[in-house]
Amino acid sequence: MTSTRVIIVDDHPMVAEGVEAILETYDDLAIVAVLTNGQEAIDRVEELQPDVILLDLNMPGVNGLSATEIILERRPETRILILSMHDSAEYISTALNHGAKGYVLKDVPTEEIKTAIDTLMDGGEYLCTGARRSLKPRIAGGHEPLTSREQQILLELAQGKSNKEVGEALDISVRTVETHRKNLKRKLGISTTAGLTRYAMEHGVLQGTGRI
């Protein structure tokens with residue numbers, strides 16, 4: 001059986017070493033690197049080819065949110081699992097909007113981190129109990145906020161550009177554009193590209209005056 005390749009990214013050595021020590025006890029996991037900031041993860045993701053990255057949010061230099069977005073543009077198949085002390089709905093929803101597939105608080109039982117990794121590897125998403133509890137009070141009826149990249153994608157699509165043309169304009173892969181397009185449709189509750197264009201027009205996106 002092929003081991004799941006894992007990178008741990010956290011600027012707190014005690015946290016990173018503790019998580020590493022726990023995960024190393026599982027035969028089906030291979031810890032390929034322990035890094036201290038988002039920039040290191042970005043620089044080495046193609047070299048290390050991780051299946052899952054455990055990523056802290058608050059780090060010096062490139063934070064976890066920016067690192068998530070850039071990593072997924074460079075290697076979309078990578079699964080990002082946020083491991084954070086922050087349990088606010090804003091932190092959690094923003095991380096998910098940036099492409100993270102899971103969110104686990106640092107005070108969870110250690111075996112839950114393994115459960116989260118397994119869930120992501122099976123194609124699912126994972127929120128620990130505390131994260132799910134924080135997200136429950138979100139106001140019904142309003143759509144999830146769009147990331148800055150998604151707003152750029154929406155603007156390009158609304159101008160009638162193809163996925164390839166959008167990718168060339170923003171220097172990202174066609175696959176990444178397709179992923180953002182799917183996320184836009186899901187978040188806005190829109191099923192067609194024409195619907196996205198109409199939404200952009202109605203909300204002033206094409207004129208650069210809209211608030212999304």
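Hi everyone, let's start inside the protein: this structure holds one cavity of 30 Å³ or more. Please keep in mind that we are looking at a predicted model. The largest cavity has about 30 Å³ of space. Who lines it? The lining consists of I8, V9, D10, V15, V19, L54, L55, D56 and L83. Three elements each give two or more residues to that lining, namely β1 (4–9), α1 (13–23) and β3 (52–55). By character, the lining splits into seven nonpolar residues, two charged ones and no polar ones.

From there, on to the cores. The largest nonpolar core has 45 residues, and the members that touch the most others are L23, L54, I113 and I117. You have met L54 already, since L54 is also in the lining of the cavity. Let's take I117 as our example. If we set aside neighbours within four places in sequence, I117 is in contact with T4, V6, L23, L29, V52, L54 and L81. Two of those partners, L23 and L54, are on the list of residues touching the most other core members. There is also a second, separate core, with 15 residues, including I153, I172, L188 and A200.

That second core takes us to helix α7. I153 is one of the buried residues of α7, along with R149, E150, L154, E156, L157 and A158. A general reminder about helices: an α-helix has 3.6 residues a turn, so residues three or four places apart point the same way.

Now, my favourite stop on the tour, R149. R149 sits in α7, which covers residues 148–158. Is R149 buried or exposed? With a relative accessible area of 14%, R149 counts as buried, because the cut-off for buried is under 20%. The side chain of R149 makes a polar contact of 2.9 Å with the side chain of Q152. Further away in sequence, beyond four places, R149 is in contact with E69, E73, L170, I172 and H180. I172 in that list is also a member of the second core. And just after α7 comes G160, with a positive phi of about 85 degrees.

Next, the largest pocket. Its space comes to about 660 Å³. Thirty residues would be a lot to read aloud, so here are the ones nearest the centre of the pocket: L72, G99, K101, T179 and N183. The elements giving two or more residues to this lining are α3 (64–74), α4 (89–97) and α9 (174–188). Which element gives the most? That is α9, with seven residues. The lining of the pocket divides into 12 charged, 12 polar and six nonpolar residues.

Last stop, two backbone oddities. As a rule, most residues other than glycine have a negative phi. Q49 is not a glycine, and yet its phi is positive, at about 50 degrees. Where is Q49? In the loop between α2 (38–48) and β3. Q49 counts as partly exposed, at 45% relative accessibility. The other case is D171, also not a glycine, with a positive phi of about 60 degrees. D171 lies in the loop between α8 (163–170) and α9. Is D171 buried or exposed? D171 is exposed, because its relative accessible area of 71% is over 50%.

That's the tour, and thanks for listening!

Methods:
Residues are numbered from 1 along each chain as its sequence is written. This is a predicted model: local features need pLDDT of at least 70, side-chain atom pairs count only at pLDDT 80 or more; totals for chains, interfaces and linings use all residues. Side-chain values use heavy atoms; hydrogens and water are left out. On a 1 Å grid over the protein atoms alone, a cavity is a set of points where a 1.4 Å probe fits but cannot get out, and a pocket is an open set with protein on both sides within 12 Å along at least five of seven lines; lining residues have an atom within 4 Å of a point. Grid points are joined across faces, edges and corners, and a volume is the space filled by probe spheres set on the points. Helices (H or I, at least four residues) and strands (E, at least two) are DSSP runs, numbered from the N terminus. Ala, Val, Leu, Ile, Met, Phe, Trp, Tyr, Cys and Pro count as nonpolar, Asp, Glu, Lys and Arg as charged, and the others, Gly among them, as polar. A nonpolar core is a set of buried Ala, Val, Leu, Ile, Met, Phe, Trp, Tyr and Cys residues joined through side-chain atoms within 4.5 Å. Buried means under 20% relative accessible area, exposed over 50%, partly exposed in between (1.4 Å probe, protein chains only). Contact means heavy atoms within 4.5 Å. A polar contact is a pair of N or O atoms within 3.5 Å; within protein, one must be able to donate a hydrogen and the other to accept it, and residues adjacent in sequence count only if both atoms are side-chain atoms.
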